[in-house]
Amino acid sequence: KTTALDFDDDFMEANAQIRDGMGFQQVITREYDGVGLGGGKYQCSWCIGRAGTYYSYQEAKEAGAFERHTGCGCTIDWTTSDKVTNDEETGAIDLPF
């Protein structure tokens, strides 16, 4: 794992955690790089098992979506919505930005 990739992953995970705690709706996606191990000779079942789309920080964290192994080239994307879930009664509201 490179220093830049490590910094990016840590930043993404921290922001996802903070915004999740604030009630923002999120989508965290981990895509398998298709390269695998052994110079592309073998698929990486570890990465394939963590690939997917998650709709909360906790769900992504529990699935290991933010984790990497040496040489991992998976893509981890995080997006947040401009909607905040207040509670079950009010649902989602649009923020003024």
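In this predicted model, T29 belongs to strand β1, which covers residues 24–31. The residue counts as buried, because its relative accessibility is 19% and the limit for burial is under 20%. Apart from neighbours within four places in sequence, T29 is in contact with G52, T53, T75, I76 and D77. Of the elements that these partners point to, β2 spans residues 52–54 and β3 spans residues 75–85.

The strand that holds T29 is one part of a chain with three helices and four strands. Read from the N terminus, the elements follow the order α-β-α-β-α-β-β. The chain has 97 residues, and 28% of them count as buried. Its accessible surface amounts to about 6200 Å², and carbon and sulfur atoms contribute 52% of that area. Among contacts with a separation of 6 or more, 61% are between residues 24 or more positions apart.

The helix α1 comprises the 20 residues from 3 to 22. At 1.5 Å a residue, this helix should span 28 Å, and its end C-alpha atoms are 29 Å apart, which agrees with the expectation. The residues of α1 that are buried are D9, M12, E13, N15 and A16. Viewed down the helix axis, these buried residues fall within an arc of 170 degrees, so they line one face of α1. An α-helix has 3.6 residues a turn, so residues three or four places apart point the same way. The face of α1 turned away from the buried side carries the exposed residues T3, A4, F7, I18, G21 and M22. After α1 comes G23, whose phi is positive, near 95 degrees.

A14 also lies in helix α1. This residue is partly exposed, with a relative accessible area of 33%. The C-alpha atoms of A14 and Y57 are separated by 9.4 Å, although the two residues are 43 residues apart along the chain.

Y57 leads on to the interior of the protein. The largest nonpolar core has nine residues in all, namely M12, A16, I28, Y54, Y57, A60, A65, F66 and I76. Helix α1 and helix α3, the latter covering 57–63, each supply at least two residues of this core. Two of the core residues, M12 and A16, appear among the buried residues of α1. Leaving out residues up to four places away in sequence, Y57 touches E13, A16, Q17, D20, Q26, I28 and F66. Of these partners, A16, I28 and F66 are also members of the core. I76, another core member, is one of the residues in contact with T29.

Beyond α3, the loop that leads to β3 contains R68. R68 is buried, with a relative accessible area of 14%. Its C-alpha atom is 10.0 Å from that of L5, a residue 63 residues away along the chain.

Another loop, between α2 (45–50) and β2 (52–54), is the place of A51. A51 is partly exposed, and its relative accessible area is 29%. When neighbours within four places in sequence are set aside, A51 is in contact with R30 and Y32. The C-alpha atoms of A51 and R30 are 4.8 Å apart in space, while the two residues are 21 residues apart in sequence.

The cysteines remain to be considered. A search of the whole structure finds zero disulfides. A disulfide would require two cysteine sulfur atoms within 2.5 Å. For C47, the closest cysteine sulfur is in C74, at 3.6 Å, which is too far for a bond. For C72, the closest cysteine sulfur is likewise in C74, at 3.8 Å, and this too is too far for a bond. C47 is buried, with a relative accessible area of 2%. C72 also counts as buried, at 8% relative accessibility.

Methods: Residues numbered from 1 in each chain as written. Predicted model: local features only at pLDDT ≥ 70, side-chain atom pairs only at ≥ 80, totals over all residues. Heavy atoms only, no water. Expected span 1.5 Å × (residues − 1). Buried < 20%, exposed > 50% of the residue type's maximum accessible area, 1.4 Å probe, protein only. Arc of directions from axis to C-beta. Contact = heavy atoms within 4.5 Å. Areas by Shrake-Rupley, 256 points an atom, 1.4 Å probe, with all protein chains shown as cover. Core = buried A, V, L, I, M, F, W, Y, C linked by side-chain atoms within 4.5 Å.
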